[in-house]
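Biologist: I've got this model open and I'd like a close look at one part of it, the aromatic side chains. Walk me through how the rings meet, and then what lies around them.

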Amino acid sequence: MGIQYNRRNLLQGLAALGGTSLLGQAAAQTAKAAWPTKPIRLIVPFNAGGATDIIARTVGEALAKRVGQPVVVDNRGGAAGILGTDAVAKAASDGHTLLVSLSTSMLINQFLYTKLPYDPQKDITPITQIAAAPVTLVVHPSVPASNMKELLAYVKAHKGKLSYGSWGVGSYAHLAGAYMSKTMDADMTHVAYKGEAPMIQELIGGQLQLCFSSALNTKPFIDAGRLKAIGVTGKQRMDILPTLPSIYEQGVPDDAYAIFGWVAMGAPAGLPKEIVDQLYGHLREIAKDPKVLERTVGAGFMPLMNSPEAFRENYQRDMPVWKALVDEAGAKLD
């Protein structure tokens with residue numbers, strides 16, 4: 001007659017071998033991996049209503065349904081994303097405080113600011129790049145250029161006569177505009193605004209000749225003929241503007257235009273791998289949600305939701321390009 005194994009026999013055998021300590025360790029591991037145990041705070045280091053905020057609320061809503069805990073979006077705008085990002089960097093590494101931000105605060109600021117209160121490479125755990133954030137290059141309708149090569153020729157031929165806008169010193173719009181001005185020896189004037197909306201209005205009014213800006217802000221005016229679209233950054237076209245070719249596609253392969261920003265999720269450094277894995281597992285499924293995809297594309301982004309490993313690889317690849325752009329623009333802030 002064979003020996004019958006049941007839970008009682010197994011526990012007695014383990015006890016005889018000192019195995020109860022093994023069971024205790026297994027139970028401890030399970031308890032340690034239990035997440036989340038309370039509401040999750042999703043810090044967005046920008047004001048409510050912007051494209052990053054829209055993505056954070058969309059992902060947060062979907063995440064709350066999957067984990068069975070509220071996900072509360074906490075807008076901490078100010079100082080180019082520094083305040084909110086620093087709050088995450090200094091939070092407990094238990095998976096209950098997360099960051100949804102842009103490449104500005106998570107990568108570029110380390111080269112731009114001389115006194116950054118956090119080190120994005122050491123103080124933030126990369127979770128995923130939620131979406132790529134290419135931008136459009138638009139000009140006032142009076143500018144006689146319909147593509148990137150024509151625009152570059154026009155800029156070069158009008159040295160000291162043109163102005164370009166940005167939504168702040170160190171923003172992509174500033175860095176790319178400065179790169180264009182320097183490489184074309186155009187001596188363009190940089191005008192920084194507090195946000196994209198006033199910049200676009202000044203461009204429509206003719207106070208500026210060109211700027212880089214998100215499709216969310218430029219598409220209505222492109223469609224209405226009040227702005228002329230030249231191209232998009234990155235190497236691919238945007239779903240929201242499928243007929244507009246990328247600058248790269250137009251035969252201008254400079255890294256300054258081929259690179260793109262992104263919106264990503266991070267967490268305080270030291271977040272346990274089991275929580276990172278659980279969180280990314282949920283995000284991977286959330287990325288398939290038609291509602292999430294629709295809102296992401298509608299905000300002018302290109303869905304990614306890549307793995308933490310892919311995020312780190314992309315970060316290391318892009319970092320020297322962003323550093324060179326900051327150096328080229330001579331942009332330094334305290």
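**Rings and their surroundings**

Modeller: Counting rings whose centres lie within 6.5 Å of each other, you get seven aromatic pairs. Bear in mind that this is a predicted model. Start with Tyr 179 and Tyr 257, which meet edge-to-face, with 5.6 Å from centre to centre and 80 degrees between the planes. Tyr 179 sits in helix H8 (residues 172–183) and Tyr 257 in helix H11 (residues 255–258), so this pair ties together parts that are 78 residues apart in sequence. Both Tyr 179 and Tyr 257 are buried.

Another pair to click on is Trp 262 with Phe 311. Here the ring centres are 5.3 Å apart and the planes stand at 80 degrees, so this one counts as edge-to-face as well. Trp 262 belongs to strand E10 (residues 261–268) and Phe 311 to helix H14 (residues 308–329), so the contact joins parts 49 residues apart in sequence. Trp 262 has a relative accessible area of 1%, and Phe 311 has 2%; the cut-off for buried is under 20%, so both rings qualify.

Now go back to the tyrosines, since they have company. Ring pairs link Tyr 172, Tyr 179, Phe 212, Tyr 257 and Trp 322 into a cluster. Ala 256, which lies in helix H11, is a handy residue for looking at this spot. Leaving aside residues up to four places away in sequence, Ala 256 touches Tyr 172, Tyr 179 and Leu 325. Ala 256 is itself buried, at 3% relative accessibility. For a sense of scale, Ala 256 and Gly 206 are 50 residues apart in sequence, and their C-alpha atoms are 25 Å apart in space.

Next, follow Trp 262 into the sheet. E10 is part of an open, six-stranded sheet with mixed pairing, in the order E2-E1-E3-E10-E4-E11. At the edges stand E2 (71–75) and E11 (302–303), each with a single partner strand, so one side of each has no neighbour in the sheet. E1 (residues 40–44) runs parallel to E2, and the two pair over five bridges. One of the bridge partnerships joins Ile 40 to Val 71 in E2.

Two helices to check against this sheet are H3 and H14. H3 (residues 51–67) lies across E1, E2, E3 (97–102), E4 (124–133) and E10, at about 160 degrees to E2. H14, the helix that carries Phe 311, packs on the sheet too, touching E4 and E10, and its direction makes about 75 degrees with that of E4.

For contrast, try a few charged pairs. Asp 185 and Lys 159 form a salt bridge at 3.3 Å, N to O. Asp 185 is in the loop between H8 and strand E7 (189–192), and Lys 159 in the loop between helix H7 (148–157) and strand E6 (163–166), so the pair ties together parts 26 residues apart in sequence. Asp 185 is partly exposed at 48% relative accessible area, and Lys 159 is partly exposed at 47%. In another salt bridge, Asp 318 meets Arg 317 at 2.9 Å, N to O. Asp 318 is buried at 5%, whereas Arg 317 is partly exposed at 48%.

Key:
Residues numbered from 1 in each chain as written. Predicted model: local features only at pLDDT ≥ 70, side-chain atom pairs only at ≥ 80, totals over all residues. Heavy atoms only, no water. Phe/Tyr/Trp six-rings, centres within 6.5 Å; stacked < 30°, edge-to-face > 60°. Helix = DSSP H or I, 4+ residues; strand = E, 2+ residues; numbered from the N terminus. Buried < 20%, exposed > 50% of the residue type's maximum accessible area, 1.4 Å probe, protein only. Pairing = 2+ DSSP bridges. Contact = heavy atoms within 4.5 Å. Axes fitted to C-alpha atoms, helices over the stretch in contact; angles between N-to-C directions. Salt bridge = Lys/Arg side-chain N within 4 Å of Asp/Glu carboxyl O.
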